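Q: Hi! I've got a structure open and no clue how to read it. Could we go through some features together?

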Amino acid sequence: MVYDYNYQDSKISTGIVGLDAILFGGIPKNNQVLLTGPAGTGKTLLSFEILYRNAKEKRPCTFITFDEHRASLLENVKGAFSDFDDIEELIAKNIMTVSEHRLLEAYGTRENFEAFISGLNKTIRLNNSQIVVIDSISPIRPLFDDDRIVTRAINFLAENFKNLGVTAFFTHEVYNASNIIDDLLGTYMFDGLIKLNTLGEEGSFQFLTRVVKMRGTDHSNVSMPYEITPNGINIFR
Ligand SMILES: Nc1ncnc2c1ncn2[C@@H]1O[C@H](COP(=O)(O)OP(=O)(O)OP(=O)(O)O)[C@@H](O)[C@H]1O
Ligand SMILES: [Mg+2]
């Protein structure tokens, strides 16, 4: 099936053909989407590619990393996606912003956390971003001693981007892929949940993705295999 994304005003194409097919066209605008998976399953790369594909369509977007230094993130992405030779050009044109924020600044008090989020919003407003990635929310947990405060902080973060009117992707590392919610204590605060996973053992293993929920659209519930190629994530159909 072929979708004409230009006529889908209510959705944002992920720019990844196989994922758009699973999502019957794309992600409903303003949805807050959690992207979970064990280490190394491609959370950073998949979310980066969604922004990259949209930036190429002239939709301004921002990739915010809590996990890595900006330079090493860009080096890793360019290494994995060696066919994407215009990343720096999109950044220079201000269509794509890649920004590193140190979560430790948010440590300690609610005021610090809220000031930190205001800093993120400032970055996002600079180029009127429509799509945002937060990679990842996993390091929020050690900021607080109490799980309920962690949940509240993540809730606050998701609500913040909802109010800002952007479509946002939050990556989250889970240790055991069968335990999707892991330490988040629930995914009710997110409109969408996309799981990345691995199946099998070393040597013969496979990456699999599944859309568990996506408010505002019907979608396939089937697990689809994918591969990471120099030209992007390829989801088999
Ligand atoms: N240069 C490359 N060539 C081919 N595949 C690569 C390359 N670099 C990375 N990969 C693939 O991408 C995977 C890592 O992707 P990514 O960093 O997006 O994962 P992640 O889920 O964000 O991991 P983490 O939990 O560590 O943040 C690797 O496991 C590998 O399969
Ligand atoms: Mg990552």
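A: Sure, let's start with one residue. This is a predicted model, and in it V132 is in contact with C61, T62, I64, I124, F161, V166 and A168, leaving aside its neighbours within four places in sequence.

Q: Which residues touch the most other members of the largest nonpolar core?

A: V132 is one of them, along with V33, L51, V133 and A168; the core holds 52 residues. Helix α2, residues 43-56, gives the most to this core, with 6 residues.

Q: Now zoom out for me. How many helices and strands does the chain have?

A: There are 6 helices and 11 strands. Along its principal axes, the C-alpha trace spans about 50 × 40 × 35 Å.

Q: And what does the radius of gyration say?

A: You compare the value with the one a compact globule of this length would have. For 237 residues that would be near 18 Å, and the chain has 17 Å, so the two agree. Also, 38% of the residues count as buried.

Q: What share of the contacts links residues 24 or more positions apart?

A: Counting contacts with a separation of 6 or more, that share is 68%.

Q: Next, the ligand. Which residues surround ligand 1?

A: Look for G37, A39, G40, T41, G42, K43, T44, L45, G79, A80, E173 and I228. Two helices, α2 and α3 (70-80), each supply at least two residues of this shell, and α2 gives the most, with 3. By type, the shell divides into 4 nonpolar, 6 polar and 2 charged residues.

Q: I keep hearing about odd backbone angles. What should I look for?

A: Start from the usual pattern: most residues other than glycine have a negative phi, and most peptide bonds are trans. Then look for the exceptions.

Q: Where is there a cis peptide bond?

A: Go to the bond from D135 to S136, where omega is near -5 degrees. S136 sits in the loop between β6 (131-135) and α6 (147-164).

Q: Which residue in the loop between α4 and β5 has a positive phi?

A: That's N94, with phi near 70 degrees. The loop runs between α4 (87-92) and β5 (96-100).

Q: Is N94 buried or exposed, and why?

A: Count the C-beta neighbours inside 10 Å: N94 has 12, so it counts as exposed.

Q: What about N128?

A: Phi of N128 is positive too, near 55 degrees, and this residue lies in the loop between α5 (110-126) and β6. N128 counts as exposed because it has 12 C-beta neighbours inside 10 Å.

Note on methods:
Residues numbered from 1 in each chain as written. Chains lettered and ligands numbered in written order. Predicted model: local features only at pLDDT ≥ 70, side-chain atom pairs only at ≥ 80, totals over all residues. Helix = DSSP H or I, 4+ residues; strand = E, 2+ residues; numbered from the N terminus. Rg over C-alpha atoms; globule rule 2.2 N^0.38 Å. Buried ≥ 20, exposed ≤ 12 C-beta atoms within 10 Å, placed from the backbone. Contact = placed C-beta atoms within 7 Å. Core = buried A, V, L, I, M, F, W, Y, C linked by C-beta atoms within 7 Å. Near = placed C-beta within 6 Å. Nonpolar A, V, L, I, M, F, W, Y, C, P; charged D, E, K, R; others polar.
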